[in-house]
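This briefing concerns the packing of nonpolar residues, the surface and the cysteines of one structure. Please consult the sequence and the coordinates alongside the points that follow.

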Amino acid sequence: MRSLPAADPGIPDARSPVRYLLWIARNQAGPLAVGIAYAILWWLTMALVPAFVGNGIDAITDRDLPGLLTWGALTFALGAAQAVTGVMRHRMAVHNWLSAAYRTVQVTVRQATRLGATLPRRMSTGEVVSVGNSDIAHIGNAIDILLRGTGAVVAVAAVTVIMFGMSPVLGLTVLAGVPLMAAAVAPLLKPLHRRQHAHRDLQGELSTRAADIVAGLRVLRGVGGEQVFADRYAAESQRVRRAGVRVAAVDSALEGAQILLPGLLIAAVTWLGAAFAIEGRITPGDLVTFYGYAVFLVAPMRTLTEAADKLTKGHVSARRVVRILNLEPEMTGGAARSDGGLLRDVASGVAVRPGTLTAVAAATPEEAVAVAERLGRYAGGDVDFGDVPLDTLPLAEVRRRILVADNGARLFAGTLRDELDVSGTAPEEVLAEALHAACAEDVVEALPGGLDAPVAESGREFSGGQQQRLRLARALVADPEVLILVEPTSAVDAHTEARIADRLAKARQGRTTLVCTTSPLVLDRADHVIYVEGGLARAQGTHRELLTTAPAYAATVTRGED
């Protein structure tokens, strides 16, 4: 059964990855600001520790006991404040990470619902799945690193000011060293960005390949194609591995830079500080302070390098999300109204009469599917619903009034009751009648919990025929104004097919129904049959009339030769 797309005002108008990340930040501006404030306080409490310790050492050198007690108490207070702000910063970091990651899930799912049948035509399964598998984590990391990254910038600025006040030469050394380290890291970011993007694309393709193999495993076993596809998957996985190694090569260089460059700065500051202490230009406490700051600067500098890495990865992931968000539904609607009536496909001449069971038998299955797609507004075409063109009706109204149920519809994980009654409002007797009409009572009776039994993803515990009958029951429970069924009995045996055909006609009596099929058992129960060949309605009448008056129809439904 087709999904029911609906526009959602919560979907952002993000035309670029940067705009999408800014939209995420704006939507959680409050928690983000609180988290940044805690991060700044956390970094500052750590940044002041070396200065307080240095003053305490100078107090020891000067034999100043009150000063030593004062600086010791202040250092203890800084440690307590650091513990509190650190806990709160981490709490807000987790909050912002989860908010960014799962807001991405929300907008992606809303967009997928809005796109409906357009999404699988425009993007592969793997591309969409990879958003939930890895991209949400990278987007969450990009938002999370803003907290520590902003605090790190403030901490570096504060340390630079303190050191400049104590020794202009050492302060300038730090002030010059920080941008130099940033400039040294910058050349690594562009190749990292490019290789990560290529790696993500290959991961999406591999996910699509895996989904296809799992979905078609039975068929592959039947035709002996398991090894062929296993070899293809192995070859593609090696491509992904090699792309991952290329990413790791740049990533490892970036990680090394996070250690090497701050280490060089530490060595330079320590050497200068020791030289100044020997000359008497700074006190022993100042030397300890400078050394403490040189060691301390490793953390904020590493954080800034990490920020560059995570923001790059977040940009790559946001680009994938934006690709989905920028898709527009192929089908749109207007604001007209229709009282219903004859549903007519002008291109083929197929007309579904109100209140009757109409069947379309096509020379090829593709022709029947094309007619159903146009009548259900899943493909463009000149279709009238009563006296009103179908494309002028609101799309949500079309989805509510006209339901297309085909064998591509999915069974989802959950209880069987929720699977059949998607609105959650159908009475027990309606469910029972739908299961009876679809000859699916035995499927329910075989389950330990009946209608409350859990259904696995894609209904994999059911056979093809059982899945088809459950899909038909779900469509009947929905009870739309117009129901279009595409080959609803192709996977069941002849005896069951005969019973479904008889019960379907009774269940939809007085309701507008179109069945696309070439089954003589179903066609014989239809009030009106239309034969389509070459995209046009070539003959119309009852099944028995067409068997005698339309040789091409007879050859199609009896599998004979014209």
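**Cysteines, cores and a surface patch**

Cysteine 439 has a relative accessible area of 2% and therefore counts as buried, the limit being under 20%. The model is a predicted one. The points below treat the cysteines, the nonpolar cores and a nonpolar patch on the surface.

**Cysteines**
- Cysteine 516 is also buried, because its relative accessibility is 0%.
- Zero disulfides are present in the structure.
- A disulfide would be a covalent bond joining the sulfur atoms of two cysteines.

**Nonpolar cores**
- The largest nonpolar core comprises 47 residues, and the residues with the most contacts inside it are Leu416, Leu420, Leu435, Leu470, Leu485 and Tyr553.
- Helix α16 (residues 464-478) supplies the largest share of this core, namely six residues.
- A second, separate core contains 34 residues, among them Met46, Met181, Tyr293 and Phe296.
- When neighbours within four places in sequence are set aside, leucine 416 is in contact with Val444, Leu447, Gly450, Leu451, Ala453, Val455 and Leu470.

**Surface patch**
- On the surface, a nonpolar patch is formed by Ile60, Leu65, Leu68 and Leu69, which together have about 390 Å² of accessible area.
- Helix α3 (residues 65-115) contributes the most to the nonpolar patch, with three residues.
- Leucine 68 lies in helix α3.
- The relative accessible area of leucine 68 is 32%, so this residue is classed as partly exposed, a class that lies between the limits of 20% and 50%.

How values were computed: Residues numbered from 1 in each chain as written. Predicted model: local features only at pLDDT ≥ 70, side-chain atom pairs only at ≥ 80, totals over all residues. Heavy atoms only, no water. Core = buried A, V, L, I, M, F, W, Y, C linked by side-chain atoms within 4.5 Å. Buried < 20%, exposed > 50% of the residue type's maximum accessible area, 1.4 Å probe, protein only. Helix = DSSP H or I, 4+ residues; strand = E, 2+ residues; numbered from the N terminus. Contact = heavy atoms within 4.5 Å. Patch = residues over 30% accessible without salt bridge, like charges linked within 9 Å, V, L, I, M, F, W, Y side chains within 5 Å. Areas by Shrake-Rupley, 256 points an atom, 1.4 Å probe, with all protein chains shown as cover. Salt bridge = Lys/Arg side-chain N within 4 Å of Asp/Glu carboxyl O. Disulfide = S-S within 2.5 Å.
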